[in-house]
Amino acid sequence: MNLTINALGSEIVLKQEISLEPASSTLKDVLRALQDRYGTTLGRFVKDDLTPTEGSVILVNGRNIESLERFETRIHDGDELTFTVLVAGG
Amino acid sequence: MKGLQGKLLDVDLTLGKTKDLTIPEQNFRKYLGGRGLGARLLFDLLPPRTDPFSPENPLIFLTGPLTGSMVTGSSKFVVVTKSPLTHGWCDSYSSGRISVELKKAGYDGLVIRGKSNHPCYLRIADDGIEIREADWIWGKDSHSTERMLKDIDRNHSAGVSSIGPAGENLCKFACINSDLYRQAGRGGLGAVMGSKRLKAIVVKGTQEIDLHDRKKLIELNRENYQRALKSRVAQARMKYGTPLTLNITHAGGILPTKNFQFSTWDKALEKIDSVGVYKSVKSHKSCLSCFVHCSLVTEVSEGKYKGITLEGPEYETLGMFGSNQLIDDLPSIMQANLLCDQLGMDTVDTGNVIGFMMECFERGLISPNQTEGLEIRFGDPEASLAAIEMIAYRKGVGDILAEGVRTAANYVGNESDRFAMHVKGMGFPAYEPRGSFGTGLSYAVSPRGACHRRAWPPAIEILGGTPPYTVERKAEMIKAMYDENCVLHSLLVCDMPAKFIPMSLDVYSEYFHSVTGESISKNDFLTIAGRIETLIRMFNLREGFTRKDDTLPYRTLFEPLPDGPGKGQSVGEENLNRMIDDYYACRGWDSLGIPTPSTLQTYELSNEELHP
């Protein structure tokens, strides 16, 4: 599965292309696969139990997972995952 | 009540006289200050249906009860008037030393009425209050004006607010500039100041401000500073400033692109977003009285604009001069930002109307013959910069553009009003409502026109768990956001620390008590907010606004988004009407948006005020 990853926090990573082979196409399995590979970086946004850390949000193709199927959201080849701190105003 | 001076300076520029205007303490309890007191004053002082450029239209500068204390984010002020852009209510906010200096000079604000028969500036200091001749600075840009006034007074710690040539030339989105890089930007306040031939206000005060419990206030600041240090949200904001927002609006599909035709723009990434701007950062800065340094001081390091430096660009400018015009050259956007600041124009409405003209050119609705040979096309920074100057000096087509995007669409005709992106005449700021229906509702019902400062729905619809393309509970969401910001804008503190530390209204209740000695609970604050928003609604109704003005442009309502997470979405008339019905209902207004008798009673507002 090919994914695009963005991370918006104290350090910013944009449009990083990665290939993963998660156990299933659910977000929870994709996150587990990501944790295995990017544990430290991802740890700023996702706790060991896969829930977002305080002040963090996970977007799948620009949509908050809370307005999708949460950790059961199906991830497809080519999808974009954004891990971000909350932002307010501009 | 401590923390307040209890009076405003009432300036009559026609007579060249000033006097004190006492504000009953009861009015501070009912309206707090800032936006709230401004609503009461504008309603009472402006004769109904007065032209915005009439000498009778007051230009009201107000601080709040927390101004001049050490509460973080408390060096803000608001300017209230009848807008020449919308012909309705206008409140616009800015940081600036002038807020604190006014309080220290013994005033909670200024009411400026009349019209001088020659250019003038107002000087307030310990040695007196004077209306001085300003021929020698009329025509100067706002940066030169501020520097020259400080030089001549040999007082570089004075607060100065001024207008640039755009305000003098009555550009209807001219701003008021303070501390070089801070603007009360929206709604054309600078043009009202220009119509009064008032070039600037200089204030230096030395009085102590009496605080109820200084020790408690310091303790609260310490606590909240520690929380800011631990907050990842605050830390990211302090490092990247508002440009970080562009990465979110792009990811969430609400980034205005090509005059709001699209909602994402890959070319913005690493060029005009948090990453791009961060490369130009020289230092970080905070406003006076704030421990959150979220302002970026940037400098162009190479190329044609090498050496220019400014505070910014903020997200709004990056959106409206960047993606919305398909310009990905950061130095050009920084130059546009600087030009708008110096000439004294709102970067939101300026960027909006230029984006509109670019689409008109692309569609062949306008030709270079109508624009003195200038072709204003998407992706052309030189044309964009040329257009800024034409607008400020009302040269050629700039004379039309200076009236705002609604009037520009009337000039172009050919159904161009379908993509003139405004509400009540005020241009859309940098959020695409088709990707965030709550943003659509917020723009539509805002009393000052399309406004991003009363509510920030992306916090809930993009970053929160609420679906963005639905209408359920959006009215309650917008009312709650409006009311919280109304309290902050009436206490007159920056709403940013409240959002990203975060600090709830309970925290501000403690701050309020430490400054004034008065106890107002969060719920009491929210009741006051309901009163203020209802009074502002009554003002606009009195000025001739109706429900039909609470609407959105054709593009937003009917054209499906062609890209991004919201691909295929449009707000739709039925959806908008339902959200507006719900919003009016939760405000206690009837289906026409008129406050009901019981609502007026709840808020202790007089029925006669609605039908004077």
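**Two chains, one predicted model**

Let me start inside chain B. Strand S9 of chain B pairs with strand S12, residues 198-203, in the antiparallel sense, over 4 bridges. Keep in mind that this is a predicted model.

Take one rung of that pairing. B:Val160 has B:Val202 in S12(B) as its bridge partner.

S9(B) also pairs with strand S10, residues 176-178 of chain B. That pairing is antiparallel too, over 2 bridges. Here B:Ser162 is matched with B:Asn177 in S10(B).

Now the faces of S9(B). Are they buried or exposed? The strand runs over residues 159-162, and both faces are covered. On one side sit B:Gly159 and B:Ser161, both buried. On the other side sit B:Val160 and B:Ser162, buried as well. So much for B:Val160: it is a buried residue, and its bridge partner is B:Val202. B:Ser162 is likewise buried, with B:Asn177 across the bridge.

Let me zoom out to the whole of chain B. How many helices and strands does it have? The count is 25 helices and 17 strands. Its radius of gyration is 22 Å, close to the 25 Å from the globule rule for 612 residues, so chain B is as compact as a globular protein of that length. Along the principal axes, its C-alpha atoms fill a box of roughly 60 × 55 × 50 Å.

Burial next. In chain B, 65% of the 612 residues count as buried. Then contacts. Look at those between residues at least 6 apart in sequence: 69% of them join residues at least 24 apart.

The surface of chain B: about 19800 Å² is exposed, and carbon and sulfur atoms supply 47% of that. Charges: 71 positive and 75 negative. The mean positions of those two sets are 2 Å apart.

On to chain A. Here we have 1 helix and 5 strands. In sequence order the pattern reads β-β-α-β-β-β. The radius of gyration is 12 Å, close to the 12 Å that the globule rule gives for 90 residues, so chain A is as compact as a globular protein of that length. The C-alpha box is roughly 35 × 25 × 25 Å along the principal axes.

How do the strands of chain A line up? The 5 strands form an open sheet, in the order S2-S1-S5-S3-S4, with mixed pairing. Which strands stand at the edges? They are S2, residues 12-19, and S4, residues 63-64. Each has a single partner strand, so one side of each is left without a neighbour in the sheet.

One pairing in that sheet deserves a look. S1, residues 2-8 of chain A, and S5, residues 80-85, run in the parallel sense and share 5 bridges. Within it, A:Leu8 has A:Thr84 of S5(A) as its bridge partner.

The remaining totals for chain A. Buried residues make up 56% of its 90 residues. Of the contacts with a separation of 6 or more, 49% come from residues 24 or more positions apart. The chain exposes about 4100 Å², with 44% supplied by carbon and sulfur atoms. It carries 9 positive and 14 negative side chains. The centres of those two sets lie 2 Å apart.

To recap the two strand stories. In chain B, S9 has antiparallel pairings with S12 and S10, and both its faces are covered. In chain A, S1 and S5 pair in the parallel sense, within an open sheet.

Conventions
Residues numbered from 1 in each chain as written. Chains lettered and ligands numbered in written order. Predicted model: local features only at pLDDT ≥ 70, side-chain atom pairs only at ≥ 80, totals over all residues. Heavy atoms only, no water. Rg over C-alpha atoms; globule rule 2.2 N^0.38 Å. Buried < 20%, exposed > 50% of the residue type's maximum accessible area, 1.4 Å probe, protein only. Contact = heavy atoms within 4.5 Å. Areas by Shrake-Rupley, 256 points an atom, 1.4 Å probe, with all protein chains shown as cover. Lys, Arg positive; Asp, Glu negative; His and termini not counted. Charge placed at Lys NZ, Arg CZ, Asp CG, Glu CD. Pairing = 2+ DSSP bridges.
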